[in-house]
Amino acid sequence: MSTVEPVLIIARLTLREAVRRRLLWALAGLTALIVVLTWWGFSRISEASPITGPVQELAVSQVTVMLAFMFSFVLAMTAVFAGAPAIGPDIENGLLLAVLARPIRRSEVMLGRWLGLAVVLVVYAIVAGYLELGAVTLATGYAPLDPLIAPAYLAGEALVLLTLAIVLSTRIASVAGGAMAVVAFGLAWMAGVLGGIGVAFDSDILRRAGTLARLILPSDVLWRGAAGALTPPEEVLRSAGVANANLYKYSPFSGAAPSPLWLAWCAVWVVGALAIGILLLRRREL
Amino acid sequence: MTGTAAGAASEAAATARGAAIETHELRKEFGRIVALAGLTMTVARGEVFGFLGPNGAGKTTAVKLLLGLSQPTAGDGRVMGAPLGDVAVRRRIGYLPELFRYQGWMSAREVLALHCELARLPRAGWEQEIRAALELVGLVDRADGRTGTFSKGMQQRLGLAVALLGRPDLVVLDEPTSALDPVGRQDVRRIIGSLRDRGTTVFLNSHLLTEVERVCDRVAIVDHGRVVSGLSMAELTQGRGVSLRVTNLGGVGAEVAARYGPTRLDGEWLLVDGIAGDAIPQLVGELVARGGSIHAVVPTRHTLEERFLSLLGATPDTGGGVLDTEGAVGSEGAPASDESIPAKAKP
């Protein structure tokens, strides 16, 4: 049983820590740098090959998806680096002893830590995501299919990885937990690529493996949603000579909006993982 | 808790008022290791209670169980009337952990404000609470310094300030002076004294016997996760005696002294255990009357350390020649005592 007030106290504490320890400032500085570089890079692309038709539009879309992939990687790393030391070190160095001797439950500490870091990640994903996509559009004039939703999917992906890292941090040393979360993120992405190939080449086993991987860690569901939102509309693809526009969404350079069922699974996964994390933390000796 | 009639009476009183802490056969196992074998004790409200034991006796484990920071494997207990693990009762408890560590990126003032918030103290009173706590532990000058830059001693002082916020009814101090210099230790004794005056129950977990001896009303000695003795400080240190340096008497002196209590002759030192204080002049008079030369008369009493060691089955270090619980004396030399009397020579 958790109540809101203590969760908010810990969330505020976590946010203040992010500000004071210059996590937010570092992210803001890096974002500014990336946005400027993005604008510069895409301006050069636009100069070399202005968007005059669907082929150039497809090319720009693919670079945009790659940029988004780089950003999703940065977000994932940020989520893991922020989440992996969120609980464990506070137990090991005794910081939590003084906190938990107050009228606050372990579950509330866990949820507060998660909430505080989630706010940091979501704000970062949304603000930096829009700025970067804005820089692309400004430099090239390319308007992806659904630019407004793409950063939201990326934020969701970061939340999945943050949850994984925090859950691991209740039991596993930060470095090991962080490494595990990063590997899991990479494997999930790779499984998504293989699953896409499975669909495109009609391989049942690959398709099932992809689905299973997404059930275990749904970060790739959200990444594919972001990539899909950054892809040009199907008519552009067809005009650009993509033989099977419907299958293009299974390529590593594209994706598709996840079904409501998959989105629900992402939410259930986060809630379930947090519940497991709370159980693990409750059973841990301080 | 085991104890004498007086101890039992004190416990009965504690129960009648609603004890601050009661535990019954509290047990904690970590895998196959038994950290606490079966802790049964009662701490009355308003008393300063010393919880003593050698390293690894299960003291810190017991504290964590009392505060709900750890779940007992078996047994039960109540703290301030609430069952172990109750969250709401922690509003009334202050705690200084043995492993004290606070957010290094915060100032001392901010750490205290955080704990005011966590303890749900009314916001209007925070500033005053924080100022009072900082003054009490002598950290006013460093209130706005980052705690990450604090020395261990300063961090422990901060921990003490955190524990005292909001005038808790029960203050649990786990080795509160482990990082403090002698001045700091004196400050802690002063603070514990003021808590006692205020009616606050203090649970002092320590292995520093002199510290406990000076401030505690009652003591429980634990070993291997069990209370081996629980007595008032007076009971623990009772059993007075006297050491006399006598010459010219030989065995006669011991025969005379035997009428006053168990005696032992050790070189020139005649040791008499259990003799009442007002009987000492009479004994001295008799010895002098029989031709003895008295060079020194030193009343002795058991120190907590002696009782502690004897209860734990260890041999007390009697290098100072102090009586132990068996009435025996160790090596030669002037007996240690806190109240030496100048020697009176034979007329």
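Which pattern does chain A follow when read along the sequence? Select chain A of this predicted model and trace the chain from its N terminus: the pattern is α-α-α-α-α-α-α-α-α-α-α-α-α. The secondary structure of chain A thus amounts to 13 helices and zero strands.

**Chain A as a whole**

Keep chain A selected and turn the C-alpha trace onto its principal axes, along which the trace spans about 65 × 45 × 30 Å. The radius of gyration of chain A is 20 Å, which agrees with the value near 19 Å that a compact globule of 286 residues would have. Colouring by burial comes next: 46% of the 286 residues of chain A count as buried. Among contacts in chain A with a separation of 6 or more, 81% join residues 24 or more positions apart.

**Chain B**

Now select chain B, in which eleven helices and 14 strands are found. Chain B has 347 residues, and 45% of them count as buried. For chain B, residues 24 or more positions apart supply 68% of the contacts with a separation of 6 or more.

**Where the chains meet**

Show both chains and select the residues in contact across them: 19 residues of chain A touch 25 residues of chain B. On the side of chain A that touches chain B, the elements giving two or more residues are α1 (4–20) and α5 (95–100) of chain A. Highlight α5(A), since the largest share of that side, five residues, comes from this helix. By residue class, the side of chain A that touches chain B divides into eleven nonpolar, two polar and six charged residues.

**The nonpolar cores**

In soluble globular proteins, nonpolar side chains tend to be buried together. With both chains still displayed, select Leu121(A), Ala158(A), Leu161(A), Leu162(A) and Leu204(B); these have the most contacts inside the largest nonpolar core, which has 146 residues.

Which residues are in contact with Ala158(A), leaving aside its neighbours within four places in sequence? Centre the view on Ala158(A) and add Leu75(A), Ala76(A), Ala79(A), Leu121(A) and Ala125(A), which are its contacts on that basis. Of these, Leu121(A) is also one of the residues with the most contacts inside the largest core.

For the last stop, select Leu244(B), Val246(B), Trp269(B) and Val298(B), which are among the 17 residues of another core that lies apart from the largest one.

Technical notes
Residues numbered from 1 in each chain as written. Chains lettered and ligands numbered in written order. Predicted model: local features only at pLDDT ≥ 70, side-chain atom pairs only at ≥ 80, totals over all residues. Contact = placed C-beta atoms within 7 Å. Helix = DSSP H or I, 4+ residues; strand = E, 2+ residues; numbered from the N terminus. Nonpolar A, V, L, I, M, F, W, Y, C, P; charged D, E, K, R; others polar. Buried ≥ 20, exposed ≤ 12 C-beta atoms within 10 Å, placed from the backbone. Core = buried A, V, L, I, M, F, W, Y, C linked by C-beta atoms within 7 Å. Rg over C-alpha atoms; globule rule 2.2 N^0.38 Å.
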